[in-house]
Amino acid sequence: MMHAIDTAVFPIAGLGTRFLPATKSIPKEMLPVLDKPLIQYAVEEAKAAGIKKFIFITSKDKEAIENHFDRYLFLEDFLQKNGKEKELQLIKDCHLDTGDAVFIRQQEPLGLGHAILCARHFVGDRPFGVILADDLIVSNQPCLGQMIHHYKGGNMVALMNVDREDTKRYGIIQPQLIEGKMVRASGVVEKPDPSMAPSTMAIVGRYILDPSIFYDLLHKEKGVGGEIQLTD
C-alpha cells in the first residue's frame with residue numbers, strides 16, 4: 001500500500017545570483033510576485049497538495065523566510081484593534097503551525113543534492129516532495145498535487161517542453177516510454193548542447209523522491225562545480 005505523501009522539502013539556501021542586485025540583501029525566495037513572495041506560493045502549492053510537514057533547507061541571512069511563516073503578535077493585535085480584518089487574515093494565512101515547519105542550515109554550498117541530503121533525518125522512510133520556490137508554476141490543479149495523484153513509486157520529476165535551443169539551460173530527460181502525460185525516463189543529461197539533447201523535455205523544480213535517494217546522495221562523488229548534484 002502506497003503511503004500518502006505528506007512531507008515536502010524546500011531547498012532555499014542558494015545565494016540567488018541570477019537575481020542580483022535584488023538579492024544582495026533580500027533572499028530570492030522573498031522576492032514578491034504581485035502581493036506575495038515566491039516562497040509563499042510554494043508553500044501554498046504544497047498545502048493544496050496535502051503536505052503537512054514543511055522542511056526548509058536554509059543558509060546564513062535567510063532569517064526573513066523563517067520570520068515570514070512565524071506569527072507577529074504585535075502586528076496582529078494592531079490590525080485587529082484598527083478593524084483591518086482583511087489584512088489580519090492575510091498575515092494569518094502565512095502562518096505555519098508550531099511543529100509543522102523545520103528549518104535546517106546547509107552549512108556549505110554543496111549543491112541541490114547536498115541540500116536535500118540535509119533533510120534525511122527529518123524526512124524518515126517515506127517518499128517526499130521537493131519544491132524549488134524560484135520555479136513558480138501556476139495551474140488550476142497544483143503541480144505537486146498532480147504528481148502525487150499519479151505517483152506509483154520510485155523517483156518522479158515534473159517536465160515541460162522547451163524549444164530545442166533552450167535545452168542548454170535545463171536538465172533534459174532521455175524518454176523511454178510515453179503514455180499520455182506520463183513519461184518513463186532512462187536517463188538525464190544536464191544542460192546539453194541543443195544538437196546533442198536527447199529530447200526537449202526539461203525538468204522543472206518539482207520532484208517526488210524515494211527515501212533511498214539519501215543513500216545515493218550520501219555515497220555520490222562530487223560532480224560539476226564541486227557539488228553533489230541531484231541530476232547525477
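Here's a quick look at one helix pair and the nonpolar cores in this structure. Keep in mind that it's a predicted model, where local features need pLDDT of at least 70, side-chain atom pairs count only at pLDDT 80 or more, and totals for chains, interfaces and linings use all residues. Residues are numbered from 1 along each chain as its sequence is written, and side-chain values use heavy atoms, with hydrogens and water left out.

**Helix 3 against helix 4**

- The axes (lines fitted to C-alpha atoms over the stretch in contact, with angles from 0 to 180 degrees between N-to-C directions) of helix 3 (residues 73-81) and helix 4 (residues 85-92) come within 8 Å and cross at roughly 155 degrees.
- That makes the two helices roughly antiparallel (over 145 degrees).
- Helices here are DSSP runs of H or I with at least four residues, and strands are E runs of at least two, numbered from the N terminus.
- On the helix 3 side, Leu75, Glu76, Leu79 and Gln80 meet Glu85, Glu87, Leu88, Ile91 and Lys92 of helix 4 (contact means heavy atoms within 4.5 Å).

**The nonpolar cores**

- The largest nonpolar core (buried Ala, Val, Leu, Ile, Met, Phe, Trp, Tyr and Cys joined through side-chain atoms within 4.5 Å; buried is under 20% relative accessible area with a 1.4 Å probe, protein chains only) has 26 residues, and Phe10, Ile39, Phe54 and Phe56 touch the most other members.
- Helix 1 gives the most to this core, with four residues.
- Apart from it lies another core, of 24 residues, including Val123, Phe128, Val130 and Leu217.

Key. Angles under 35 degrees count as roughly parallel, over 145 as roughly antiparallel, 65 to 115 as roughly perpendicular and the rest as oblique. Buried means under 20% relative accessible area, exposed over 50%, partly exposed in between (1.4 Å probe, protein chains only).
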